[in-house]
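Q: I would like to learn how to read helix packing and burial from a set of coordinates. Where should one start?

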Amino acid sequence: MDTFGYGTYDGGRAAARGIAFELFVGEILRRDGEIELVFASMLGGAAHETGEYGIDFVALRGRRTLLVEVKVATPQTRGRLAELSRQLQAAGQAYIGQHPGELEPALVLACPGVLPQSKMAVAAQEGLVIWDGPYLRAKAGQLNIEVPPGVAFGEDADVVPGDDLVSRLADINPGTAGWPGYEKYCEDLLSFLFVPPLNPPIPQSRDERHVNRRDYVLPNYAVDGGFWQFMRTHYEAHLVVVEVKNLSREPGKNEILQVANYLNPRGTGLFALILARRDLNQTARWICREQWVQHSKLIVGLSDEDVIQMVRTRMTGGDPAELVRQKIEDFRLGI
């Protein structure tokens with residue numbers, strides 16, 4: 001069972017959610033007439049199988065073994081997905097070593113959220129089968145199984161509006177000409193993704209000397225015990241600074257230093273997001289590390305791919321801040 005990353009701010013609730021989700025996946029495996037469940041880490045094993053592969057479920061579909069790993073935190077960064085791929089591939093190798101002559105097992109990752117097509121393609125290249133929230137909901141409906149909270153709906157479920165935010169982004173060209181449209185887009189995006197629990201974005205916020213002009217600031221008064229309250233308590237994210245960069249290139253050193261200059265423990269706080277069309281370049285990532293280690297300033301870059309991931313997550317009933325959380329974890333684990 002996975003509850004990694006929820007930390008102290010939501011530990012009990014996250015643990016309960018993880019248990020409920022793993023039991024939910026196990027019930028799908030148990031009731032599916034095409035599958036024989038032969039090992040379950042939480043539900044007890046079977047005489048002819050063990051849990052020596054470090055995996056949550058082992059099942060059979062015809063002559064093919066399924067090794068199923070359950071993660072309540074949907075992997076939303078490439079690093080997180082790559083780590084899970086290595087874990088499942090190691091389990092597959094362990095299984096083959098103990099069952100020579102059998103078909104290579106199918107490696108299945110079950111998670112409650114949704115992944116964008118770009119990450120689904122990466123997973124397929126790594127030999128992973130993804131059972132995401134919409135897939136599991138559909139299977140549960142076929143098998144008359146109650147779906148626990150937090151499992152994503154399909155994009156056609158019309159849970160919340162948001163499709164326009166995907167199409168609008170594709171219509172905005174990177175570069176100077178598209179800058180005004182991108183700034184307005186980002187204001188709408190931030191409101192859709194994070195309000196509430198954050199307060200609506202304040203545009204064009206300047207300091208008293210009119211030296212620094214932050215594109216957007218979102219006041220953070222969250223008191224729900226969730227991610228943003230944790231960010232305010234532990235990362236001094238009192239006012240979430242968001243800088244908008246409609247660049248045709250990757251953001252670099254200058255963009256990071258500009259944003260770092262806006263952060264002050266007695267002012268906005270020490271946390272900022274950079275919304276840009278592409279990922280930060282290598283130099284920018286090193287400057288982010290330097291700012292964190294030397295000044296406790298935490299800066300997270302979000303690309304178009306990240307934005308689409310968060311919009312899809314929000315549309316299907318999930319928490320888009322989960323991607324930000326995972327990026328912070330990956331960043332700090334890499335130091």
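A: Start with burial: a residue counts as buried when its relative accessible area is under 20%. The model here is predicted. In this chain of 335 residues, buried ones make up 52%.

Q: Which residues of helix α7 are buried?

A: In α7, residues 227-235, the buried set is Phe227, Trp228, Phe230, Met231, Arg232 and Tyr235. As a general idea, an α-helix has 3.6 residues a turn, so residues three or four places apart point the same way.

Q: What do the buried residues of α7 pack against?

A: Their partners are helices α6 (179-194), α9 and α11, together with strands β8 (239-245), β9 (271-276) and β10 (298-302). Just after α7 comes Glu236, which has a positive phi near 55°.

Q: How does one describe a pair of helices, and at what angle do α8 and α9 cross?

A: One takes the angle between the N-to-C directions of the two axes. Helix α8 (residues 253-262) and helix α9 (residues 282-295) cross at roughly 25°, and their axes come within 8 Å. Angles under 35 degrees count as roughly parallel, and α8 and α9 are therefore roughly parallel to each other. Their crossing is right-handed.

Q: Which residues make the contact of α8 with α9?

A: From α8 come Lys253, Ile256, Leu257 and Ala260; these meet Thr283, Ala284, Ile287, Cys288 and Gln291 of α9. By class, six of the contact residues are nonpolar, two are polar and one is charged.

Q: What is the angle between α10 and α11?

A: Helix α10 (residues 304-315) packs on helix α11 (residues 321-333) at about 135°, the axes being 8 Å apart. That angle makes α10 oblique to α11. On the α10 side the contact uses Asp306, Gln309 and Met310, and on the α11 side Leu323, Val324 and Lys327. The classes here are three nonpolar, one polar and two charged residues.

Q: How many helices and strands does the chain have, and how much area does the chain expose?

A: The secondary structure comes to 11 helices and 10 strands. The exposed area is about 15400 Å², of which carbon and sulfur atoms supply 51%.

Q: What share of the contacts joins residues 24 or more positions apart?

A: To read this, count contacts with a sequence separation of 6 or more: residues 24 or more positions apart account for 65% of them in this chain.

Terms used. Residues are numbered from 1 along each chain as its sequence is written. This is a predicted model: local features need pLDDT of at least 70, side-chain atom pairs count only at pLDDT 80 or more; totals for chains, interfaces and linings use all residues. Side-chain values use heavy atoms; hydrogens and water are left out. Axes are lines fitted to C-alpha atoms, for helices over the stretch in contact, and angles run from 0 to 180 degrees between N-to-C directions. Helices (H or I, at least four residues) and strands (E, at least two) are DSSP runs, numbered from the N terminus. Angles under 35 degrees count as roughly parallel, over 145 as roughly antiparallel, 65 to 115 as roughly perpendicular and the rest as oblique. A crossing is left-handed if the near helix is turned anticlockwise from the far one by less than a right angle, and right-handed if clockwise. Contact means heavy atoms within 4.5 Å. Ala, Val, Leu, Ile, Met, Phe, Trp, Tyr, Cys and Pro count as nonpolar, Asp, Glu, Lys and Arg as charged, and the others, Gly among them, as polar. Buried means under 20% relative accessible area, exposed over 50%, partly exposed in between (1.4 Å probe, protein chains only). Accessible areas come from the Shrake-Rupley method with a 1.4 Å probe; for residues, only the protein chains shown count as cover.
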